[in-house]
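Student: Can we go through this one together? I'd like to know what to look at first.
Tutor: Sure, here it is.
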Amino acid sequence: MCIGERVKQLRKKKGLTQSELASLLGYKSKSSVAHIENGRDIPRPMVATLANILDTTPAYLMGWTDIQENAKATQSPAPSDDDIKFALFDGSEGVTDEMYDEVKRFAKYIKEQKEKK
């Protein structure tokens, strides 16, 4: 079973429409979810977010395992890049990859300065 089929199956199991899942993912329309379910490309950072919303693991979504364990029951998933962008910029609208990369470079610089002390 491919990732699209697994997303569709789990979305329906949770009783979510494509529009509702799109909203939870921060998309404005259901077309992005439809693209994922139809086997088109899925952004890698979105896999962890999808797994969290659908109460499974990224490994299950990616087809690396058939064990559909509940990620929330086993451990808290690491926040996705989209989650971090949302937290840092008080929303993710208008946040570019360049802006996010600049924040990561600054955080790395601060960490290195602290380690030098």
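Tutor: One term before we start: a residue is buried when its relative accessible area is under 20%, and exposed when that area is over 50%. Also, this is a predicted model.

Student: OK, use it then. Is Arg6 buried or exposed?
Tutor: Buried, because its relative accessibility is 4%.

Student: What does Arg6 form a salt bridge with?
Tutor: With Asp66. Their closest N and O atoms are 2.7 Å apart.

Student: Where do the two sit in the chain?
Tutor: Arg6 is in helix H1, and Asp66 is in the loop between helix H5 and helix H6. They are 60 residues apart, so the pair links distant parts of the chain.

Student: And Asp66, buried or exposed?
Tutor: Exposed, at 63% relative accessibility.

Student: How many salt bridges are there?
Tutor: The count is five. Another one joins the side chains of Lys14 and Asp55, at 2.9 Å from N to O.

Student: Where are Lys14 and Asp55?
Tutor: Both are in loops. Lys14 lies between H1 and helix H2, and Asp55 lies between helix H4 and H5. The two are 41 residues apart in sequence, so their bridge ties those parts together.

Student: How accessible are they?
Tutor: Lys14 is partly exposed at 38%. Asp55 is partly exposed too, at 24%. Asp55 also has a positive phi, near 55 degrees, and it follows H4.

Student: Which residue does Glu102 form a salt bridge with?
Tutor: Arg105, with the closest N and O atoms 2.6 Å apart. Both residues lie in helix H8, three residues apart. That is about one turn of the helix.

Student: Why does a spacing of three or four matter in an α-helix?
Tutor: An α-helix has 3.6 residues a turn, so residues three or four places apart point the same way.

Student: New topic. What is the overall secondary structure?
Tutor: Eight helices and zero strands. The C-alpha atoms fill a box of roughly 50 × 30 × 20 Å along the principal axes.

Student: How much of the chain is buried?
Tutor: Buried residues make up 28% of the 117 residues.

Student: Which residues of H4 are buried?
Tutor: Met46, Val47, Thr49, Leu50, Ala51 and Ile53.

Student: What covers them?
Tutor: The cover includes H1, H2, helix H3, H5 and H7.

Student: Back to H1. Is Arg11 buried or exposed?
Tutor: Arg11 counts as buried, because its relative accessibility is 7%. This residue is found in helix H1, residues 3–13.

Student: What does Arg11 touch?
Tutor: Leaving out residues up to four places away in sequence, its contacts are Leu16, Thr17, Gln18, Leu21, Val33, Glu37 and Leu54.

Student: Last one. At what angle do H7 and H8 pack?
Tutor: At about 80 degrees, with their axes 11 Å apart. The two helices are therefore roughly perpendicular to each other.

Student: Which residues meet there?
Tutor: From H7, Asp81, Ile84, Lys85 and Leu88. From H8, Asp97, Tyr100 and Val103. That contact divides into four nonpolar, no polar and three charged residues.

Note on methods:
Residues numbered from 1 in each chain as written. Predicted model: local features only at pLDDT ≥ 70, side-chain atom pairs only at ≥ 80, totals over all residues. Heavy atoms only, no water. Helix = DSSP H or I, 4+ residues; strand = E, 2+ residues; numbered from the N terminus. Buried < 20%, exposed > 50% of the residue type's maximum accessible area, 1.4 Å probe, protein only. Contact = heavy atoms within 4.5 Å. Axes fitted to C-alpha atoms, helices over the stretch in contact; angles between N-to-C directions. Parallel < 35°, antiparallel > 145°, perpendicular 65-115°, else oblique. Nonpolar A, V, L, I, M, F, W, Y, C, P; charged D, E, K, R; others polar. Salt bridge = Lys/Arg side-chain N within 4 Å of Asp/Glu carboxyl O.
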